[in-house]
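Reader: I should like a close look at a single part of this protein, set within its wider surroundings. Please treat the matter in one connected account.

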Amino acid sequence: MLRVSPGRSSPCRGKRAQHTCRGSGQGSENNEKTDLFLALALALALSFFLAACGGGTPPPPSGGTPPPPSSITLTVEDPMGSFNAAAYQVGSGSWQPLSMSGTTTKTGTFNLNNQAKYGVAVRCSSLVVQVIQATASELSNPKLACSSSTPTTVPFTVNVSVNTSLFESGDSVCVNGEACLPASSSVSIGLNLEPGNQDLLVTLSSGSSVAAVLSK
C-alpha cells in the first residue's frame with residue numbers, strides 16, 4: 001500500500017508508485033516539446049510579419065515613369081562649318097548664350113534649375129534662326145542642324161556627237177547648263193554626279209541663247 005504521512009508530499013514508493021511517477025515524467029517531457037514547438041512557430045510567424053511590414057530591404061521599384069533630367073544637352077550637326085551661335089532659356093527667364101564645343105558635331109549643356117520648360121535657339125551662317133521650346137519630359141536631348149555633309153559623287157563622262165551643220169564657230173555644247181565645251185563634231189564632257197538615275201540636259205548654245213536641245 002501507499003502510505004502518506006500528514007504534512008508531507010507523497011513520495012513515489014512501490015511498483016505502483018514508480019509507474020505513476022514515470023507516467024508523470026513522460027507527460028512533462030511531452031509538454032516541454034510542445035512548448036518548444038510553439039516557440040519556434042511563433043518566431044517564424046514573427047519573422048514573416050516583420051518581412052511583410054518592411055522589416056527587410058524593400059525591393060527596387062518596377063515600371064513607372066523615370067524622373068525628368070535636371071539638365072539639357074543641345075546637339076548641333078554642322079559638318080560644313082555654318083554654325084554661328086546658340087542660346088537657351090529656362091522657364092520664362094531671359095535668353096542666355098550657350099557655349100558649344102566640338103567641330104562637325106557641337107554640343108552644349110545647361111541646368112534646368114528645377115524648371116520643366118526650356119528653349120534653345122541656334123543661328124547659322126545663313127542668318128536663319130532655329131528655335132525649339134519643350135519640356136524636359138517631352139524632349140531631353142534636342143538636336144538641330146546648320147549644314148549637312150557634301151553628298152558623295154562619282155566621275156561621269158558625257159560623249160556628244162554633233163552634226164557639223166548645226167553649229168558655228170563660238171557655239172558651245174553644255175550639260176545641265178553648267179559644264180560647257182566648244183562645239184565640235186565630237187565632244188566629251190566630264191562631270192561629277194551623285195550616284196543613281198537622273199536626267200541630263202545636253203544643249204547646243206550660241207552665245208547666251210540655246211540653239212538646240214541635243215538630248216534629254
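My question concerns serine 82: is this residue buried or exposed? Please go on from there to the parts around it.

Author: The model is a predicted one, and what follows should be read in that light. Serine 82 is buried, because its relative accessible area is 16%, and the limit for a buried residue is under 20%. The residue is found in the loop between β1 (71–77) and β2. Leaving aside neighbours within four places in sequence, the contacts of serine 82 are Cys124, Ser125, Cys146 and Ser147.

Two of these contacts, Cys124 and Cys146, lead directly to a disulfide. Cysteine 124 is joined to cysteine 146, with a distance of 2.0 Å from S to S. The link is left-handed, with -80° about the S-S bond. Cysteine 124 belongs to strand β5 (residues 117–124), whereas cysteine 146 sits in the loop between β7 (143–145) and β8 (154–161); the pair therefore ties together parts that are 22 residues apart in sequence. Both cysteine 124 and cysteine 146 are buried, as is serine 82, which contacts them.

The structure holds two disulfides, and the other may be set beside the one just described. Cysteine 174 is joined to cysteine 180, again with 2.0 Å from S to S. Here the torsion about the S-S bond is about 115°, so this disulfide is right-handed. Its two ends fall into separate classes of accessibility: cysteine 174 counts as buried because its relative accessibility is 5%, while cysteine 180, at 36%, counts as partly exposed.

Strand β5, which holds cysteine 124, also takes part in a sheet. Four strands form this open sheet in the order β3-β2-β5-β6, with antiparallel pairing. Its edge strands are β3 (96–97) and β6, each of which pairs on one side only. Strand β2 (residues 83–90) is joined to β3 by two bridges, and these strands run antiparallel. In one of the bridges, tyrosine 88 has glutamine 96 of β3 as its partner. At the other edge, strand β6 spans residues 129–135 and includes valine 129. Together with Trp95 and Val131, Val129 forms a nonpolar patch on the surface, and the three have about 280 Å² of accessible area together.

The loop between β4 (105–111) and β5 deserves separate mention, as it is the place of asparagine 113 and of asparagine 114. Most residues other than glycine have a negative phi. Asparagine 113, although not a glycine, has a positive phi of about 55°, and asparagine 114 has a positive phi of about 65°. Asparagine 113 counts as exposed because its relative accessibility is 57%; asparagine 114 is likewise exposed, with a relative accessible area of 84%.

These details belong to a protein with one helix and 13 strands; from the N terminus on, the helix precedes the strands. Of its 216 residues, 24% count as buried, and serine 82 is one of the buried residues. Among contacts with a separation of 6 or more, 57% are between residues 24 or more positions apart. The accessible surface comes to about 15600 Å², and 53% of that area belongs to carbon and sulfur atoms.

Technical notes
Residues are numbered from 1 along each chain as its sequence is written. This is a predicted model: local features need pLDDT of at least 70, side-chain atom pairs count only at pLDDT 80 or more; totals for chains, interfaces and linings use all residues. Side-chain values use heavy atoms; hydrogens and water are left out. Patches are made of residues with over 30% relative accessible area and no salt bridge: like charges are joined within 9 Å, nonpolar side chains (Val, Leu, Ile, Met, Phe, Trp, Tyr) within 5 Å. Accessible areas come from the Shrake-Rupley method with a 1.4 Å probe; for residues, only the protein chains shown count as cover. A salt bridge is a side-chain nitrogen of Lys or Arg within 4 Å of a carboxyl oxygen of Asp or Glu. A disulfide is a pair of cysteine sulfur atoms within 2.5 Å. Buried means under 20% relative accessible area, exposed over 50%, partly exposed in between (1.4 Å probe, protein chains only). Two strands pair if DSSP finds at least two bridges between them. Contact means heavy atoms within 4.5 Å.
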